[in-house]
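Hi everyone, thanks for coming. I'd like to walk you through a protein model today, at an easy pace. Let's put it up on the screen.

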Amino acid sequence: MLKDNLTIAFYTKDRHKAVGKALKSALGTTPKGVKFLIVEDQPKTPFRLSKEYKETLFTEDLFISEIPRKSSCGQLMNRCIIDSDTQWVLFCNDDLVFKEGWFEIAEKYYDKFPITLMFNFGACLINKSIIPKLGYFDERFLGGNREDQDMMIRILLKDIPHVNTWDETGESLITHEPFYYQSACWNGEQNEKYFIEKWGSIDYGALCKAAKEKSIKPNFIDGDWYPSYTTKYIREYA
């Protein structure tokens, strides 16, 4: 069952109000047995010391991973996958709100698709067994921009089964909190240049179409950023 093999992982940077609300909404709408993870990007004040953490009154399994260096979104999403000890990981932005019924939607799709996008890549459910074929997020993307588009192009190129519940079915029970747009975030302007260097264009729609037709390939080979974990996933989850 999904609830017995799932970690919900949030990555964040000094946005205690955002991640505290997201965590509480996920906790209140998720069955017992699901694990939780917070991946913090070089926090000035750790979430575990915040009033938001204390107010959460957390009683479930929660692990907090404090990354001591400045990281990109791609690196942090990779850490969400790596630092979770379950086969399924739902890695999330820190400014989401989970509504009743979202977990039932996840259960509907998880055994059919190794990747379920529940708020595009803002809330992505992934089975670790797919990592050896798909690879991790490209860590040459800095800040936070285009690394998710790069991942989708690779998903299409490699014919990875996936579903986007937010886009394709209208079942959007995980939503965004626009209040947090102006707070701490990741600058990703430099990623535009790298994206063009890698794919030859900035036109995401055209690139997705070409990926489905198998008429493009990247100019750079995607590296295996964490080969020991890839091997572990082959052994334990494949």
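Please find I155 to begin with. Leaving aside residues up to four places away in sequence, I155 touches I115, F121, L134, I160 and H162. Before I go on, one thing to keep in mind: what you see is a predicted model.

I155 also belongs to a bigger story. The largest nonpolar core has 40 residues, and I155 is among the members that touch the most others, along with F91, I115, F121, I126 and I153. There is also a second core, separate from that one, with 30 residues, including V34, F103, F119 and I174.

Now let's look at the helix that carries I155. How many of the 11 residues of helix α6 are buried? The answer is 10, so α6, which covers residues 147-157, is largely enclosed by the rest of the structure. Among the buried ones are E147, Q149, D150 and R154, as well as M151, M152, I153, I155, L156 and L157.

And what covers those buried residues of α6? The cover includes helices α3 (73-83), α5 (131-134), α8 (191-199) and α9 (204-213), together with strands β6 (115-117) and β8 (162-164). Just after α6 comes D159, whose phi is positive, near 55°.

That lets me mention a small backbone topic. Most residues other than glycine have a negative phi. So where else do we find a positive one? Q42 has a phi near 45° and is not a glycine. Q42 sits in the loop between β2 (35-41) and α2 (51-56). Its relative accessibility is 34%, so Q42 counts as partly exposed. N120 is another case: its phi is positive, about 50°, and N120 is not a glycine either. You'll find N120 in the loop between β6 and β7. Because its relative accessibility is 28%, N120 counts as partly exposed too.

Let's move to a strand. Remember F91 from the largest core? Strand β4 covers residues 88-92, and five of its five residues are buried. Are the faces of β4 covered or open? Both are covered: W88, L90 and C92 are buried on one side, and V89 and F91 are buried on the other.

β4 has strand neighbours as well. Strand β1, residues 6-12, runs parallel to β4, and five bridges join the two. In that pairing, A9 stands opposite F91. Strand β7, residues 123-127, is joined to β4 by five bridges too, but here the strands run antiparallel. The bridge partner of V89 in β7 is I126, and I126 is one of those well-connected members of the largest core.

Next, aromatic rings. How many aromatic pairs does a search of the whole structure find? It finds 15. One of them is F141 with Y194, an edge-to-face pair with 4.7 Å between the centres and 75° between the planes. F141 is in the loop between α5 and α6, while Y194 is in helix α8, so this pair ties together parts that are 53 residues apart in sequence. Both F141 and Y194 are buried.

Compare that with Y229 and Y233, a tilted pair: 6.5 Å centre to centre, with 50° between the planes. These two tyrosines are four residues apart in helix α10, residues 227-236, so about one helical turn separates them. As a reminder, an α-helix has 3.6 residues a turn, so residues three or four places apart point the same way. Y229 is partly exposed because its relative accessible area is 28%, whereas Y233 is buried, with a relative accessible area of 0%. Y229 and Y233 are part of one aromatic cluster that also includes Y136, Y226 and Y237.

Finally, let's zoom out. The protein has 10 helices and nine strands. A compact globule of 238 residues would have a radius of gyration near 18 Å, and this protein has 17 Å, which agrees. The C-alpha trace spans about 50 × 35 × 35 Å along its principal axes. Of the 238 residues, 53% count as buried. Among contacts with a separation of 6 or more, 80% come from residues 24 or more positions apart. As for the outside, the accessible surface comes to about 11000 Å², and 53% of that belongs to carbon and sulfur atoms.

That's my tour. Thanks for listening!

How values were computed
Residues numbered from 1 in each chain as written. Predicted model: local features only at pLDDT ≥ 70, side-chain atom pairs only at ≥ 80, totals over all residues. Heavy atoms only, no water. Core = buried A, V, L, I, M, F, W, Y, C linked by side-chain atoms within 4.5 Å. Buried < 20%, exposed > 50% of the residue type's maximum accessible area, 1.4 Å probe, protein only. Contact = heavy atoms within 4.5 Å. Pairing = 2+ DSSP bridges. Rg over C-alpha atoms; globule rule 2.2 N^0.38 Å. Areas by Shrake-Rupley, 256 points an atom, 1.4 Å probe, with all protein chains shown as cover. Phe/Tyr/Trp six-rings, centres within 6.5 Å; stacked < 30°, edge-to-face > 60°.
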